[in-house]
Amino acid sequence: MNSSTKVAYYGLFASLAIIMGWVEMMVPIPIPVPGVKVGLANVIIVMAMYFFGGKEALGISLIRIIISGILFSGFSGFLYSVSGAIFSFFVMLIAKDIFKFNIYSVSILGGICHNIGQFVVASLVVKTNLSIYMPILIISGLITGALIGIIAKNCLSYIKR
């Protein structure tokens with residue numbers, strides 16, 4: 001793949017991640033726990049991790065977080081998003097590259113760690129014990145991570161290198 005094609009793919013992946021995040025914001029989830037989301041943008045990040053590699057996927061993730069923060073969520077949304085995304089990204093990268101986990105396990109770890117990262121920042125910001133939410137956030141991270149892994153795996157099978 002030449003450099004022009006790579007740049008086009010990076011832009012496409014970043015755009016898709018931003019759009020997926022925007023779509024997710026438009027569809028409310030009827031769960032009364034703050035922070036529970038499906039994480040549709042993470043489909044694109046997991047795909048990028050397997051299609052391009054870690055460095056490129058990190059760049060796409062950071063671009064998505066910055067642009068989405070500016071356009072949709074403001075500083076507080078950016079703070080929660082970046083904390084969850086960075087923590088989950090590096091856990092997924094270690095699971096994929098060092099421990100050789102499959103895409104489903106990597107995605108599940110990403111979903112759980114994303115919620116843990118956001119939980120830590122939320123606890124620091126509100127300075128209150130939020131531990132009652134942790135079991136729900138872990139379960140939701142497990143479920144959404146599994147769904148994201150399934151979707152990413154199926155989508156990757158259609159992308160021709």
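I count Ala, Val, Leu, Ile, Met, Phe, Trp, Tyr, Cys and Pro as nonpolar, Asp, Glu, Lys and Arg as charged, and the others, Gly among them, as polar. I am working on a predicted model.

**Entry 1: largest pocket**

I looked up the largest pocket. With that split, its lining has 20 nonpolar, 19 polar and three charged residues. I read its volume as about 900 Å³. The lining comes to 42 residues. Nearest the centre of this pocket I found Gly35, Lys37, Tyr80, His114 and Gln118.

Which helices supply at least two residues of the lining each? I found α1 (3–26), α2 (41–51), α3 (54–97), α4 (103–126) and α5 (134–156). Of these, α3 gives the most to the lining, with twelve residues.

**Entry 2: largest cavity**

I then searched the whole structure for cavities of 30 Å³ or more and got one. The largest cavity has a volume of about 30 Å³. Its lining is Asn42, Ile45, Ser61, Ala85, Ser88, Phe89, Met92 and His114. I noted His114 above as one of the residues nearest the centre of the largest pocket.

By class, I have four nonpolar, four polar and no charged residues in the cavity lining. Both α2 and α3 supply at least two residues here. The most come from α3, with five.

**Entry 3: nonpolar cores**

Next I turned to the cores. Which residues touch the most other members of the largest nonpolar core? They are Phe13 and Ile60, in a core of 24 residues. Each of α1, α2, α3, α4 and α5 supplies at least two residues of this core. The helix that gives the most is α2, with nine residues.

I listed the contacts of Ile60, leaving out residues up to four places away in sequence. Ile60 touches Tyr10, Phe13, Ala14, Ile45, Ala48 and Phe52. I also found another core, apart from the largest, with seven residues. Phe119, Ala122, Leu130 and Met134 are among them.

**Entry 4: helix α2**

Why is α2 largely enclosed by the rest of the structure? Nine of its eleven residues are buried, so the rest of the structure largely encloses the helix. I take buried as under 20% relative accessible area. The buried residues are Ala41, Val43, Ile44, Ile45, Val46, Met47, Ala48, Met49 and Phe51. I see them pack against α1, α3, α4 and α5. After α2 comes Gly53, with a positive phi near 135°.

**Entry 5: aromatic pairs**

Last, I searched the whole structure for aromatic pairs and found nine. I looked up the pair Phe75 and Phe78: the ring centres are 6.4 Å apart and the planes lie at 35°, so the pair is tilted. These two sit three residues apart in helix α3, so about one helical turn separates them. In general, an α-helix has 3.6 residues a turn, so residues three or four places apart point the same way. I checked exposure too. Phe75 counts as exposed because its relative accessibility is 63%. Phe78 is partly exposed, at a relative accessible area of 25%.

I then took Phe99 and Phe101. Their ring centres are 5.9 Å apart and their planes are at 45°, so this pair is tilted. Phe99, at 55% relative accessibility, counts as exposed. Phe101 has a relative accessible area of 36%, so I put it down as partly exposed.

Which residues do ring pairs link into a cluster? I noted Tyr9, Tyr10, Phe13, Phe51 and Phe52. From this cluster, Tyr10, Phe13 and Phe52 also appear in my contact list for Ile60.

Definitions and conventions
Residues are numbered from 1 along each chain as its sequence is written. This is a predicted model: local features need pLDDT of at least 70, side-chain atom pairs count only at pLDDT 80 or more; totals for chains, interfaces and linings use all residues. Side-chain values use heavy atoms; hydrogens and water are left out. On a 1 Å grid over the protein atoms alone, a cavity is a set of points where a 1.4 Å probe fits but cannot get out, and a pocket is an open set with protein on both sides within 12 Å along at least five of seven lines; lining residues have an atom within 4 Å of a point. Grid points are joined across faces, edges and corners, and a volume is the space filled by probe spheres set on the points. Helices (H or I, at least four residues) and strands (E, at least two) are DSSP runs, numbered from the N terminus. A nonpolar core is a set of buried Ala, Val, Leu, Ile, Met, Phe, Trp, Tyr and Cys residues joined through side-chain atoms within 4.5 Å. Buried means under 20% relative accessible area, exposed over 50%, partly exposed in between (1.4 Å probe, protein chains only). Contact means heavy atoms within 4.5 Å. Rings of Phe, Tyr and Trp (its six-membered ring) pair if their centres lie within 6.5 Å; planes under 30 degrees apart count as stacked, over 60 as edge-to-face and the rest as tilted.
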